[in-house]
Amino acid sequence: DSPLFLFTALFYLVYQKYLAEDKLKWALLLAVIIAGLLYSKYHGVLLVGFTVLSSLSLIKRRSFWLIVFVSVVLFLPHVLWQARHGYPSVNYHLFEQSSQHYNFWLTWTYFPGQLLMAGPFIGWLFFYKAFTVKVKDAFIRCLLVNAVGTFLFFLISSSKGEVQPQWTLIGFAPLVMLTLIHFKQDENWKPWVTTLGLINILFILTVRIMIITGAPLIRMVGQVKSQYGYRQWARAVKEKAGDNYVITDDGFQNISKYDFYTNSTKGFAYDNRYYRLTQFDIWPIEDSLQHKKAYYLLKQPLNGVTTDSLKTAAGIWYGGWVNNVRTYQKVKIELPEYDITARAGANIPLQLNIINPYPYAINFSNTGVEHHVTLEACTLKDAEEISLQHAGADFNQIDLEPGQNAHFTFNFAAPREKGRYKLLFSLRTDPFGGSKNSRIISLTVE
């Protein structure tokens with residue numbers, strides 16, 4: 001978010017000059033800034049799109065097409081990386097993140113979230129002044145189109161899932177500038193605006209000081225209290241694990257803190273099959289811990305695994321040793337289609353393509369190994385698992401060389417009740433819960 005906001009401010013600074021002077025130096029600077037926007041976060045493209053929309057005459061400039069060409073060339077390494085890794089970001093944003101059911105609460109809470117982002121006491125004034133400014137030139141029109149377009153885009157996005165308040169950060173730069181322009185146009189700065197602004201700043205500074213000092217009151221806030229105690233927590237876990245790998249299954253945040261505070265990459269997030277993919281699914285950490293001894297750290301005790309109870313400033317954790325770790329988190333399972341219709345209770349032969357992305361050979365044999373692997377089809381309805389089906393023994397005969405794929409027929413039994421379901425395929429090895437190896441498949445039972 002910080003790089004995104006930096007490049008947003010730089011974009012407006014240079015774009016204003018580019019509007020006034022169609023010179024090569026401004027065009028090249030804009031191209032570099034646009035690449036920086038896209039490398040920061042994908043929705044930086046909104047700033048570019050709304051800017052062009054606000055002044056379509058830009059396309060008549062030869063330098064405009066130079067900006068397009070140079071920014072695309074600068075961003076090309078990332079596009080090639082995405083292609084080489086199966087477009088993980090695209091799959092997440094288009095297929096994994098969106099909800100199929102509209103939640104009115106997510107749309108309703110969008111509005112107070114944006115007001116709080118603008119300022120707890122003065123945010124409403126920013127929106128009022130910005131959206132009632134007089135458009136006198138192309139730059140003001142650019143600011144207005146970007147502010148209105150950004151906030152409307154994410155308002156519409158709330159129909160598909162949660163919109164975190166900071167996602168609209170690129171809309172606040174034009175919002176503030178429009179507010180200042182409005183005051184300049186009216187030359188009617190009321191004293192109460194200054195008073196309200198000072199109160200707003202004092203409140204924000206007070207909260208920040210409380211966060212920095214770890215005041216007892218601020219530690220009671222759910223999203224904030226998770227920031228405290230993890231330096232001591234990492235030290236306590238390190239004393240148990242030594243130089244061995246540490247595996248958690250509660251998301252990527254806590255184990256990232258472990259890596260940070262121990263200055264290592266010995267922490268690994270085992271992403272549960274009902275969680276989203278993370279950076280740990282791309283980094284080669286999982287490759288390095290195969291067939292090694294690792295410390296498995298959990299928030300809840302697990303019979304036969306956790307033998308330690310760690311009381312830390314970050315809460316109570318449970319840990320135990322896993323010998324000869326065996327995981328397949330990066331293995332990809334693809335289907336010809338991801339929208340399936342079936343009769344209730346029907347048996348469906350699903351054609352799976354199982355791909356080995358590792359730089360070493362893998363197999364799914366359970367002969368003479370400590371931890372057995374199973375291929376499971378997980379059926380969910382309204383986020384609740386309703387069935388778990390295992391592949392036949394022929395699955396365990398698959399051997400794959402690096403980069404090799406194998407076709408496998410999974411005989412899937414559709415639910416007996418009609419309705420809409422979600423289906424995904426997961427490889428599970430004890431004592432882990434199973435990884436997310438396929439995209440989510442829409443299943444309609446008629």
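**Exercise 1. Find how many helices and strands the chain has, and the box that holds it.**

Solution. Count the DSSP runs first: there are 15 helices and 15 strands, where helices are H or I runs of at least four residues and strands are E runs of at least two, numbered from the N terminus. Next, take the principal axes: the C-alpha atoms fill a box of roughly 80 × 55 × 45 Å.

Before going on, a word on the model. It's a predicted one, so local features need pLDDT of at least 70 and side-chain atom pairs count only at pLDDT 80 or more, while totals for chains, interfaces and linings use all residues. Residues are numbered from 1 along each chain as its sequence is written, and side-chain values use heavy atoms, with hydrogens and water left out.

**Exercise 2. Work out what share of the chain is buried, and what share of its contacts links residues 24 or more positions apart.**

Solution. Start with burial (under 20% relative accessible area, 1.4 Å probe, protein chains only): 43% of the 446 residues make the cut. Then turn to contacts (heavy atoms within 4.5 Å). Among those with a separation of 6 or more, 69% come from residues 24 or more positions apart.

**Exercise 3. Trace the open sheet that contains S7, and find its edges.**

Solution. Read off the order: 5 strands run S7-S15-S14-S10-S11, with mixed pairing; to pair, two strands need at least two DSSP bridges between them. The edges are S7 (339-342) and S11 (384-390), each pairing on one side only. Now zoom in on S7: it pairs with S15 (residues 441-445) in the parallel sense over 4 bridges. Finally, pick out Ala342, whose bridge partner in S15 is Val445.

Technical notes: Buried < 20%, exposed > 50% of the residue type's maximum accessible area, 1.4 Å probe, protein only.
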